[in-house]
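Reader: I would be grateful for a close look at a single part of this structure, namely the site where the ligands are bound. Please describe it in one connected account.

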Amino acid sequence: MTLDAALAERIRRTPKAELHVHIEGTLEPELIFRLAQRNQVKLPYSSVEALRAAYAFTDLQSFLDIYYAGASVLLTEEDFFDMTMAYVERAVADNVRHAEIFFDPQTHTARGVDIEIVIDGIADALAQARTQYDFSSSMILCFLRHLSEEDAFATLEAALPYRDRFVGVGLDSSERGNPPEKFARVFARARELGLHRVAHAGEEGPADYVRDALDILQVERIDHGVRAIDDPALVERLARERIALTVCPLSNQKLKVYPDLRDHSLKKLLDAGVAVTIHSDDPAYFGGYMNANWEATFEALPLDAADAHRLARNSFEASFLRPALKAEYLTEVDRFWQSASPPEPARTATA
Ligand code: ADE
Ligand code: ZN
């Protein structure tokens, strides 16, 4: 399917919110090498090209192995700042107005990097982005699900002195064999603390993990969730309860969840009334940021301008923004799509 040029332009320009991006997944190979040099970290790749050539993933785990290796160059607050600022500049260029950014403290604390360095470096860049680009954002602390719940608890406790810097918790890393129930207690604690809750579910794992993330972890959004399509009752529930699925099409393609985007469940879920949104996941690894994800999806699936308007709206509606700012963004989205619509055909007056 070819994407109409006028619609492609509108998709690029529409205001949008990014609700599913791992900040460590925005580390471009060039920056990985620059930081490795700055910090005297030895990489198992001889060049940027050799590293890029290794980005031939067969599944989630084959990606995660390289992604954690890439993050090993991050040591100082300045490294986290530079990585975050580079992401913000890409997002702003794609007309992302608001982002809720995942970070994985355990990837860094396990290497001896203090959680304060991680949080301060990212938060300082986001504060600068707010004044420099009028870019709103928040941070979501993710637990690595291949590690124990005890480790997740220790991470949450270590982050509590910085409680005002993040709005919620998430769950990522290897899904298969690490079901939501493994983290029931730490999510209950996060809820007590007034934190928002999201979780990766139904990416490689079954539709049941989506249901368990809702029932056991009491999450407010599901990251990916594309396997929900296997369970019609679950799809109906997602639609009824307005649970957003933060879908990342290029990630799904590169990790072989949907090797061919034409088979992606996004359009079916949207048509079933599910609050689907489109995001970039780990854009430095999967071949593109927000607009690349939107364009590839619209190229592959029979989506039209009304779908694009809905997807843009969904992204702000599903955000954890305070209601007044959310309403402002939604007005901006609606104005954009109303003014960008082709003019109505001239009507002849009837008496
Ligand atoms: N961490 C970074 N990207 C991820 C993904 N797509 N799934 C699970 N964990 C991740
Ligand atoms: Zn993700």
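**The ligand site**

Author: In this predicted model, ligand 1 is surrounded by His-22, Leu-60, Phe-63, Leu-64, Tyr-67, Asp-172, Ser-173, His-200, Glu-203, His-224, Asp-281 and Asp-282. Three of these residues may be taken in turn for their polar contacts. At Ser-173 the partner is a polar backbone atom, 2.8 Å from a nitrogen atom of ligand 1. At Glu-203 the partner is instead an N or O atom of the side chain, and the distance to a nitrogen atom of ligand 1 is 2.8 Å. Asp-281 likewise contributes a polar side-chain atom, which lies 2.7 Å from a nitrogen atom of the ligand. Ligand 1 taken alone exposes 260 Å², and 100% of that area is buried by the protein. The space that ligand 1 takes is the largest cavity.

The account now turns to the metal. The zinc ion (ligand 2) is coordinated by NE2 atoms of His-20, His-22 and His-200 and by an OD atom of Asp-281, at 2.0 to 2.2 Å. Among these donor residues, His-22, His-200 and Asp-281 also belong to the surroundings of ligand 1. His-20 and His-22 are both buried. Along the sequence, the donor residues follow the spacing H-x1-H-x177-H-x80-D.

The geometry of the zinc site remains to be described. The arrangement around the zinc ion (ligand 2) is irregular because its four donor atoms subtend angles of 84 to 173 degrees, whereas a tetrahedral assignment would require all angles to lie between 85 and 135 degrees.

Methods. Residues are numbered from 1 along each chain as its sequence is written. Chains are lettered from A and ligands numbered from 1 in the order in which they are written. This is a predicted model: local features need pLDDT of at least 70, side-chain atom pairs count only at pLDDT 80 or more; totals for chains, interfaces and linings use all residues. Side-chain values use heavy atoms; hydrogens and water are left out. Donors are N, O and S atoms within 2.8 Å of the metal (3.2 Å for Na, K and Ca); water is not among the atoms, so sites may look incomplete. Four donors count as tetrahedral if all angles lie between 85 and 135 degrees; four count as square planar and six as octahedral if opposite donors are over 155 degrees apart and all others between 65 and 115; anything else is irregular. Buried means under 20% relative accessible area, exposed over 50%, partly exposed in between (1.4 Å probe, protein chains only). A residue is near a molecule or strand if one of its heavy atoms lies within 4 Å of it. A polar contact is a pair of N or O atoms within 3.5 Å; within protein, one must be able to donate a hydrogen and the other to accept it, and residues adjacent in sequence count only if both atoms are side-chain atoms. Accessible areas come from the Shrake-Rupley method with a 1.4 Å probe; for residues, only the protein chains shown count as cover. On a 1 Å grid over the protein atoms alone, a cavity is a set of points where a 1.4 Å probe fits but cannot get out, and a pocket is an open set with protein on both sides within 12 Å along at least five of seven lines; lining residues have an atom within 4 Å of a point. A molecule sits in a cavity or pocket if more than half of its atoms lie within 2 Å of its grid points.
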